[in-house]
Every structure is written in C-alpha cells, then in structure tokens.
Amino acid sequence: MPVGSAREILRRLHDVMAARSPAQTKLDEVVRVVAAELGSEVASIYLARGTELELAATFGLKQEAVHVTRLAFGEGLVGTIAESRSPLNLAEASQHPRFAYRPETGEERFHSFAGVPIVRREAAIGVLCVQHVSPRAYDEVEIEALQTVAMVLAELIAAAGLADPAGASPRLRETGPQKLTGLRLVDGLCRGVAVFHQPRVRIERTVADDADVERARLDKGFRILREQIDQMVSRADFAGPGDHDEILETYRMFALDEGWARRIHAGIEGGLTAEAAIESVAQAQRLRLDAASDPYLRERIHDFDDLSNRLIRIVTGRMGTAAALGLRQDMILIARNLGPAELLEYDRRYLKGVALEEGSLTAHVTIIARAMGVPMVGRIADLRDKVADGDPLILDAREGALFVRPQPAVVRTFETEAAALARRQAEFAAVRDLPATTRDGVRVSLMINAGLRSDLPAIAATNADGIGLFRTEFQFLVSATLPRMGRQVELYRDVLDAAGDKPVTFRTVDIGGDKAVPYLDARGGGEENPAMGWRALRLSLERGGLLAAQARALLIAAAGRDLSLMFPMVSEPWEFLEARALVEKARVALASRGRPLPRSVRYGAMLEVPALGEMLDELLPEVDFISIGTNDLTQFLLAADRGNPKVAARYDWLSRGVLRYLARVTAAADAAGIPVTVCGEMGGRTLEALALLAIGVRRLSITPAAVGPVKAMIRSAELAPVAARMALWLDTPGSNIRTLLGNEATERGIRL
C-alpha cells in the first residue's frame, strides 16, 4: 500500500467512525473504504458476539448474510484467525482443512482469501478479511496493509462499542486450586506470589495529526532505548562471563538495526502515530518470523517483541514494567513471553521463578534464566487466564508443573520436599570428595556435560572427574553471525582453564536440523525430520570451512595441553576419517606458521546412529575413544520421537533392545581397549545409571545436578550380583527390566 493511500485510508476510517451515524452505517462504510483502497472484490468485518463471530458488514458478499452468518471461535477460516490471533493468506480458500462453506454469503465464486484478526488488549474482537475471484496469494505488503487497518479498527470499534468483548475471551478464571503443566526450561523448585509482567501497552491513538511531531517522538524514543540497553548490559548481574554476554550483544545489535527504524518511519509517513507505527512493524515482523522455516529466526520473535514493547512504552511515557514497582516479596513472574533484557530488570533477591505461556529450550531468555539460576517453566496453556495477580504459587520446574492457589497438602509437600532437597544436597556434599566406587571396588568415572560458561563452576562444585561432553554449538546458536575466531578461542581456553588438570572432551559443532542458524543456508527450508537431516557432522563436512575454522580455534586454545575432540552423529567410519583429516590439516598449517600446538590430540566418535554399531570392526582401530549419545540413539533404535508425548511410553532407556545394543557395543570396545563413555540423559538417572554399570559401562558424563545422586547410588551398590542378574534378564524374553532392576535395587539397599 503506497504511503499516500495509507494516509488516506486512515483518514477516511477515522472520519467514518467519528461521524454521528448509526453503527451499521459506519461498518458498511468501513468495508467500502477498505475494498476501494485495497482494490478488493470483497471486504468483510466479523465481530465477536458472545462465543461466536458474526458477519457485521460486507462489501461483495450477499447483504442478506449480514447478522445471519455466524462462526464459532476456531470454526472456519474466520474462526481460525480469531482463535489463533494470526493471519491467513490463501490462494485457494476451499483447500484449507478448516474451510467452512456458508451458502447464504454467495462466496462460492471467490477463491483467494486473506484475513487478519482485529485485536484489542491481547484478545481478538473480530476479523477483517478480503477475497478475490481469481486464485492468488496476497503479497506481504497487502497483508501488512490489512494488519494496519485492523489495528486502527480495533480502537475505533472498541470506542464505538460495536464488539462484545466477552466473545473474545469466553473462558472464566477459576478461583480454586489448580495444577498447570508445561515444559521444563530451567530446573528448580520455588514458591512465591504471582506477579504479572506488564502486558503490551494499549495503543489509544493510531492516526497521527502531525508527522513531524511523531518523527521527533520516535527519534527520542530510540535514543532512550539504546541508552537503556547500554546500561542494562553494563550492570547485568552474572557470576562471570558467559554466553549471556553474546546474547545481550546480539540484542543490542537488533536495537541498532537501521532497517527497523526505517520501517517505523515509513509507517509514520503513512499516517500512523509513532506507537502505532512501531506496533504495525512488529506485527509484520512477527508474521515473517513465525512463518520462517528456520527455528533460529522463529526464536527471535521474542527478542523483537521485547524491543518493540520497550520502545512503545518509552514513546507513550509508560516506561515501566512490574520490575519498576520495587516489589519486596518472593515472586514468580507470569508472562506470555519475555525477552532476555526484560528478565534482567527484576531484583534477583525476590525473583524466585518464571512461568510462561510460550518459551523454548533455545530461547535467549531461557539461557539468561539459566545463567541467573532462576527456575523456569514454559508452554503453559492459557496461563494468564488461570492465574490472578497476587495468587500464591508453587513452581516445580523439575516436573514442569505450576501449582496455583495450592491446597495446604500441596504446600506441606513443597515444604517437605524443599527440606528433603536441602538434606540431600548436604548428603551429596558429604560424598563430594569421595571416589565413585562401588562396595565391591568398581571405580566409575563421573564427568559432567557442559555447553555454557555458566556451567564451568560445576566442575569444582561437584568435584567431577572432568567434562565428558562440552557442546560447542551454543556459542554458534546465540550469535546472529558466525562467531569470530577470537571469541571461539577465548571460550575454549576458559573451559580448559576451569577444568585444570581434569580432562575435557569437546564435541565439534552440532548445528543444522532443528538447531538452524541464520548464517548458513538451510537447504531450501525446513526438513520433515530434522533429527535425521542435514545437521552435525554431515553439515560440517559439506561446509568444510566451518569445521576447519573451529578446528583452528580448538588447536590454538589447547596449545601446550591435551586436546580431546569428538565428532557428532557419525554414520559411517569414512565420515570420521574425513573429519579427522580436516583437523589434522589445520594442525599442520598452524605448525608451519610456528603456532604453539597441543601436546596431543585424541579423536573420538559419537555413537548416535545405530548403523555405526555395525561397523565397529572398521571404526575401533581408528578412534581413541567412543561416546554414546543415548538421547538420539534411543529414539533411532526404537523409532520413537522423544519429543512426542504420544509415543513417550515407547521411549524407554531400559528396553531390552536398547540395553542389549549398548552391552554389545561396550563389550566390543572393551575388547579393543577403547574407552566408552555414555553422555546422554540416561546416565544421569540413578536407575538407568545402575543398568549401564551392570552391562559394563564405567564412564558417565551427566548433568552437574545428577553427579551427587549418581555417586551416592554407586557407593551404595555391590555391582557383581546386579550384573549377573542383568545378564539373565537380557537373555529372558518378556523381562520388564525397569521393574526387575528397581526391585533388585530395593532388596539390596541401593540408593536410587
């Protein structure tokens, strides 16, 4: 939509809604204006009426359908838009699975359809849609124009009282105790009152009176925004340097993006106020990122939302969130989502936990929360409808649960568990400096998995035997560009320094698939099965420059020390050999330039692809060690997606098939004198760890929090009789090893 027509449509809409004419006359005129200005053959407005959406006005459909055609929230294309609060853009409307034909409208001859929600106070109060006879997908500019019109209409419709707001939020908030479940993001157990992070600022004025005034407001807002971010970065309270530093630098880069500022200025030129232009650009950006096949880009929606909300608060003079209220009580923060900077505004003394309606494990705010040590649960459906400000809450992030207005029995359980947790921590601290040795003298090496600088203090805290898996990809995932050589060297050197004389095994970068980054070609979009797609070593070998650069950084960082390096997702021995040759080539090149080199380099392969277990006769003579990644290996062996709740029961580490496979690999490696380490989640659970020891595994790399419980289990176990029983169970059809091993541990007094 050109700037001139944008200003004109906003002016005409404002004049229509301000006129002293009946409500129906206003709506009829609005759809005529929209159709004329956007060149649409049909323009329609549906408004919320109770729990339904009613066709309130149309240009192009049959007039007798007005106030007759109704669709429930979630029904048809219009209901789907209202329910999801997201646009639809369809070249052939009837092919959409939710298409619902309404004969009274006469819409059968119109093929293409585009619609956007009319949203006020985060609830859909209606839908604005356009249609054409010829099948065509609407372009991005047209969808943005519809969104801008819908944003203006939301305020005008609400001011005229034309929509029933109850229809947009038919749920009633419960007042009794509830247990809500979601996704565990950051482990922990905490208690506090609900505090709502400030929602999106209501935009009261959308059409500008003076563009020069709006430009000045925006420019001043940008200056304040950038000053705020600089102050926030400088005073962020972390235990030390880490990946959070890079996240905040990326966040600062977004704020300085001149393209963002230009798009907002264009909105002002089109007739919007500064705050409306910011929101219009944010909606368009949200639509583009949400449709992206790249998971990295989808995750950045929250960063852009954070920046947009912050800028709107500044230009409207409502600059504070709940963090500015100076709260002085233990609280659990409630929000739809948070940007990384928003979390930093809260006083760590009183912020006990965070509960979100959205969120993910790779979101920037999750990494910041982990660095701060704040428990977090995400993806809690309808969270803000079920919790009231000030409600007492208990957050058990270990189980992904939020207890709202908990009953006295739940509170007592929390207090008991918190006390027991403190006692267990004291017990684990008591064995911290003791070896992980069974009662019959079997020594087990317990190492930790790490991937962030904030994980490094755990080596000393747990007295682990080293780092059995350092995931190098986090530095790549949080950066908008390929991490510079200097930053990579600095990180790897810090890891080696933190470990001291203890061994560290670096895994080369495992990106691609569902861990995509914006600076690498995503191979034509999303993959149907990213876990088995273009990722890890496959990507690194095809993009040899990426692995070569990382190899140089690792070799430089480990100068004068021993370097252990392993490659992820090796499918066949030739992949390992090719990757090793690439690193060796980098080592020769550095030596030729006189650069100091590691004392030794040990090469290993991660066994995650089942086929590699059938090639051990070729692989074992070439490797220095093997690490078994039980997370991916188990889902591949059992054909059970570990993230799919429908098959969660089939994803069982103690399946006879899984244990027999692991036992065979371990025996073959032992016979060849090759060390084997299990570095998946399986080794961090006491019962599963006992099973691994019973089949011959002697090296575990686990989360820092699991070191204490697993060491206590090891020191309480006499392994030989358990191993004998395990061998019998593996050879006995129908054995339920989870039940049998649990009973055996109980009978023998093994601490699980």
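**Exercise 1. A strand and its neighbours**

Which residue in strand 14 does Ile394 stand opposite? Place the answer in the setting of strand 13 and its pairing partners.

*Solution.* The structure is a predicted model, and every step below is read from its coordinates.

Step 1. Ile394 stands opposite Phe403, a residue of strand 14. The two strands concerned, strand 13 and strand 14 (residues 401–404), pair in the antiparallel sense over 4 bridges.

Step 2. Strand 13 and strand 14 form a hairpin with 4 residues between them, and within that turn Gly400 has a positive phi of about 65 degrees.

Step 3. Strand 13 also pairs with strand 9 (residues 189–196), again in the antiparallel sense, here over 5 bridges. In this pairing Val193 stands opposite Pro392 of strand 13.

Step 4. Strand 13 (residues 392–396) is largely enclosed by the rest of the structure, because 4 of its 5 residues are buried.

**Exercise 2. A mostly covered helix**

Determine how many residues of helix 3 are buried, and state which strands those residues pack against.

*Solution.*

Step 1. Helix 3 spans residues 76–84, and 7 of its 9 residues are buried, so that the helix is mostly covered.

Step 2. The buried residues of helix 3 are Gly76, Leu77, Val78, Gly79, Thr80, Ile81 and Ala82.

Step 3. As a general point, an α-helix has 3.6 residues a turn, so residues three or four places apart point the same way. In helix 3 the buried residues pack against strand 1 (42–49), strand 2, strand 3, strand 4 (88–90), strand 5 (112–120) and strand 6 (123–132).

Step 4. Just after helix 3, Arg85 takes a positive phi of about 55 degrees.

**Exercise 3. A network of charged side chains**

Trace the salt bridges that involve Arg49, Glu52, Glu54 and Arg70, and describe the accessibility of each partner.

*Solution.*

Step 1. The structure holds 33 salt bridges. One of them joins the side chains of Glu54 and Arg49, with an N to O distance of 3.6 Å.

Step 2. Glu54 counts as buried, because its relative accessibility of 6% falls under the 20% limit. Arg49, by contrast, is partly exposed, with a relative accessible area of 24%.

Step 3. Arg70 forms a salt bridge with Glu52, and their closest N and O atoms are 3.3 Å apart. Since Arg70 lies in strand 3 (residues 70–72) and Glu52 in strand 2 (residues 52–59), the pair ties together parts that are 18 residues apart in sequence.

Step 4. Arg70 is partly exposed at a relative accessible area of 32%, and Glu52 likewise counts as partly exposed, at 30% relative accessibility.

Step 5. A further salt bridge can be set beside these: Glu142 pairs with Arg136, and the closest N and O atoms are 2.7 Å apart. Glu142 counts as partly exposed at 24% relative accessibility, and Arg136 counts as partly exposed at 25%.

Step 6. Returning to the four residues named in the task, salt bridges that share partners join Arg49, Glu52, Glu54 and Arg70 into one network.

**Exercise 4. The nonpolar cores**

Which residues touch the most other members of the largest nonpolar core, and which helix gives the most to this core?

*Solution.*

Step 1. The largest nonpolar core has 98 residues, and within it Phe506 and Met726 touch the most other members. Helix 20 (residues 544–557) gives the most to this core, contributing 9 residues.

Step 2. When residues up to four places away in sequence are not counted, Met726 touches Leu659, Ala691, Ala694, Ile695, Ile737 and Leu741.

Step 3. Apart from the largest core lies another core, of 60 residues, among them Leu128, Tyr138, Trp260 and Ile278.

**Exercise 5. Cysteines and disulfides**

How many disulfides does a search of the whole structure find, and are Cys129 and Cys679 buried or exposed?

*Solution.*

Step 1. A search of the whole structure finds 0 disulfides.

Step 2. Cys129 is buried, with a relative accessible area of 2%, and Cys679 is buried as well, with a relative accessible area of 3%.

**Exercise 6. A glycine in helix 24**

Locate Gly657, describe its exposure, and give its distance from Thr634.

*Solution.*

Step 1. Gly657 has its place in helix 24 (residues 656–671), where this glycine is partly exposed, with a relative accessible area of 46%.

Step 2. Gly657 and Thr634 are 23 residues apart in sequence, while their C-alpha atoms are 9.6 Å apart in space.

Conventions:
Residues are numbered from 1 along each chain as its sequence is written. This is a predicted model: local features need pLDDT of at least 70, side-chain atom pairs count only at pLDDT 80 or more; totals for chains, interfaces and linings use all residues. Side-chain values use heavy atoms; hydrogens and water are left out. A nonpolar core is a set of buried Ala, Val, Leu, Ile, Met, Phe, Trp, Tyr and Cys residues joined through side-chain atoms within 4.5 Å. Buried means under 20% relative accessible area, exposed over 50%, partly exposed in between (1.4 Å probe, protein chains only). Contact means heavy atoms within 4.5 Å. Two strands pair if DSSP finds at least two bridges between them. A disulfide is a pair of cysteine sulfur atoms within 2.5 Å.
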